[in-house]
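Let's work through a few exercises together. Take a look at the model first, then try each task before reading its solution.

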Amino acid sequence: MEFEKRLQRAIERGQRRQDARAEASAREALNEEELKRLHSQYRLQLSEHIEHCILRLPDHFPGFRYETVVGDRGWGAAVSRDDVGLGQDGGRRSFFSRLEMTVRPYSSYHVLELSAKGTIRNKEVYNRTHYQRLEEADPSAFIEMVDLWILEYAELYAAQK
């Protein structure tokens, strides 16, 4: 009879363990959905700010073409322009300038990631990434970073012109 009781307790422990695993799995799935929702909220806020700020560059530097960036690289905006000028040898030369800023897609790393790449007259002037864990992310810090990087690009471009 004692074996029968021990067997019954072992079965009950196994069932409780299975129930605990199922509950933990459900909590994790809910947490994953919450993180995806949070990333989408931050992505929308930041991509709108990026678009608003980058769209103002062509007003100050005519010739830049604006484009919205949406895809596997992320969401954001870019401006670019092609110029023709004289090279060092006196021949005709093409110069390419571009600023692209995106919020990277959601990933299993659970981070909010902002990336920017700036090129002026065929030279990359910066290639930057800023990220924070979604649980700790501060959208206002990312907005300040967007402003800072765009202002820095504008200053560098004006100095190269």
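**Exercise 1.** Find which residues line the largest pocket, and which helix gives the most to that lining.

Solution. Start with the lining: C53, R56, L57, H60, F61, D147, I150, L151 and A154. A pocket here is an open set of 1 Å grid points that fit a 1.4 Å probe, with protein on both sides within 12 Å along at least five of seven lines; lining residues have an atom within 4 Å of a point. Next, helix 2 (57–60) and helix 3 (139–160) each supply at least two lining residues. Helix 3 gives the most, with four.

The model is predicted: local features need pLDDT of at least 70, side-chain atom pairs 80 or more, while totals for chains, interfaces and linings use all residues. Numbering starts from 1 along each chain, and side-chain values use heavy atoms, without hydrogens or water.

**Exercise 2.** Work out which parts the salt bridge of D82 and R65 ties together.

Solution. First, the two side chains meet at 3.6 Å, N to O, within the 4 Å allowed between a Lys or Arg side-chain nitrogen and an Asp or Glu carboxyl oxygen. Then place them: D82 lies in strand 2 (residues 74–86) and R65 in strand 1 (residues 65–71), so the pair ties together parts 17 residues apart in sequence.
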